[in-house]
Amino acid sequence: MQGADTSPILMRQVLATLAQQLLCSRSASLLTHGCLVALTAVEFVLLLRLPFWMAFIPCALFHHRIGVLLHEYIHGIPFARYRHNLAVLSLFDGMMLMFGLLDLFRGTHLAHHRWLNTQNDPAVTAARPTSARSGVVRWISALEAVQHVGYLIEAFQGRHPYVSRSRILSGALLSVGWIGFWVWVGRADLIGKLVVLTLFNTLGPVSLRGAVEHHSHPGDSGFANEYRVVIPLFNLNRHVHHHEDPRCPWYLLQYRTEKPLWALHYFTHWFRFYVARHYVLLQPMPARQQSGRDGKDSLTAGKRHVKARP
C-alpha cells in the first residue's frame, strides 16, 4: 500500500524533472517560436473571418501577448545570433503596420534595462515633462503611445543614439509594403483594424503595465514589482527576475518575492502614480543583482545597431 501511495508522487517528480530538462535545452526556444506563430495565425484568422466588433477583444488580448513574445527577440533570447532576432522583429514591424515603432521600442527598452530607473533611463526622461504638467494633459502625456511619438521625434533629432534611424525607416517601408499587399488582395479593411489594435494596446495595457512594473509608494527600496495576472502574460509579470537576468527566457522566469502584488494593482498603479501622485519611481537596480547580461550587450549587438554611449 505504501508503495502504491508514493508512486504518483514519484511519477510527478520524474515528469517535473523531464520538463525542466526540456525547458533548459536548446530546443526550448521552439516554445517561443510556436507561441508567436500560433497567436499571430489565430489573430489574423479572427480579423479575416469575423466582424471587427466580435474579433476586437480576443484580438486585443492576442496582440498584446504577441508584443510580449517579441520582447523575447528584443533581448536576443530565441535565436543565438542577434541578427536572426532582428529579422523577426522587422517582419512583425511591417506586418503589424507599426512603421518602425517596434524598432524604436527595441532601442529605448534596451536602454531602459541598461540604465534602469536612473536619469539615463528613457522612461525617466519621458516622465520629466509629464510630472511638470497637471490635469488631463498630464494623463495623456503619460500614455505609452504619446511617449513613443516623443521618442520618435527625439530619435531623428539624434537625442537617442541607441536607436537606429535606418531600421525605423526600414520598418516604415515594410509597413507600406504590407499595406499595398492588403489592398492588392482586396482586404484593405485589415489596415485600420491592425492600427486600432496597436493604438489600443499601447494606450491601454502597455501603459498600465509600465506603471505597475516600476512605481511604488515612497520609501520602497525595490527596483521593480512583481504582480499576479488573471490572463497569463508569458511570465513578464515576474519582472524582478526579468531585470536580474534579461536573457532568461520567459518559461524559466520565477517569482522573486513572497507576495507579488494582487492582479488589481495592474489597473490601479497608473492612477496612483499619474493622477493621485501617491506613488514614485522605484530605485535604480543594484549592480550585484544583475545575474545575466544587461541591456548593454544587446544594445551593441548586431552590425546595424547604433552603439549607445556610456
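In this report a helix is a run of at least four residues assigned H or I by DSSP, and the helices are numbered from the N terminus. The structure described here is a predicted model.

**The largest cavity**

Rolling a probe the size of a water molecule over the atoms shows where empty space is left. A search of the whole structure for cavities of 30 Å³ or more finds three of them, and the largest holds about 50 Å³ of space. Which residues line the largest cavity? Its lining is made up of V68, H71, E72, F234, N235, L236, H242, W250 and L253. Helix 3, which covers residues 52-74, gives the largest share of this lining, namely three residues. Sorted by class, the lining has five nonpolar residues, three polar residues and one charged residue.

**Helix 4**

Helix 4 runs over residues 82-95, and its 14 residues, counted at 1.5 Å a residue, should span 20 Å, which agrees with the 20 Å found between its end C-alpha atoms. Is helix 4 largely enclosed or largely open to the outside? Ten of its 14 residues are buried, and helix 4 is therefore largely enclosed by the rest of the structure. The buried residues of helix 4 are Y82, N85, L86, V88, L89, S90, F92, D93, G94 and M95. Just after helix 4 comes L97, whose phi angle is positive, at about 55°.

**Salt bridges**

How many salt bridges does the model contain? The count comes to six, and the table lists three pairs, among them one that links distant parts of the chain.

| Pair | Closest N to O distance |
|---|---|
| R167 and D103 | 2.6 Å |
| E213 and R209 | 3.5 Å |
| R256 and E244 | 2.7 Å |

In the pair of R167 and D103, where the closest N and O atoms are 2.6 Å apart, R167 belongs to helix 9 (residues 165-184) while D103 belongs to helix 5 (residues 101-114), and their positions lie 64 residues apart in the numbering as their separation. Both R167 and D103 are buried.

The pair of E213 and R209 is placed in another way, for both residues sit in helix 11 (residues 205-214), and because they are four residues apart there, about one helical turn separates them. E213 and R209 are both buried as well.

In the salt bridge between R256 and E244, the N to O distance is 2.7 Å. R256 lies in the loop between helix 12 (239-244) and helix 13 (265-275), whereas E244 lies in helix 12, so this pair ties together parts that are twelve residues apart in sequence. The relative accessible area of R256 is 43%, and R256 is therefore partly exposed, but E244, with a relative accessible area of 11%, is buried. Beyond single pairs, D103, R106 and R167 are joined into one network by salt bridges that share partners.

**A residue in helix 2**

V45 has its place in helix 2, which covers residues 29-49. Why does V45 count as partly exposed? Its relative accessibility is 44%, and partly exposed residues are those between the limits of 20% and 50%. Along the chain V45 and C59 are 14 residues apart, and their C-alpha atoms are separated by 9.8 Å.

How values were computed
Residues numbered from 1 in each chain as written. Predicted model: local features only at pLDDT ≥ 70, side-chain atom pairs only at ≥ 80, totals over all residues. Heavy atoms only, no water. Helix = DSSP H or I, 4+ residues; strand = E, 2+ residues; numbered from the N terminus. Buried < 20%, exposed > 50% of the residue type's maximum accessible area, 1.4 Å probe, protein only. Salt bridge = Lys/Arg side-chain N within 4 Å of Asp/Glu carboxyl O. Expected span 1.5 Å × (residues − 1). 1 Å grid on protein atoms, 1.4 Å probe; cavity = no way out; pocket = protein on both sides within 12 Å on 5 of 7 lines; lining within 4 Å. Points joined across faces, edges and corners; volume = space filled by probe spheres on them. Nonpolar A, V, L, I, M, F, W, Y, C, P; charged D, E, K, R; others polar.
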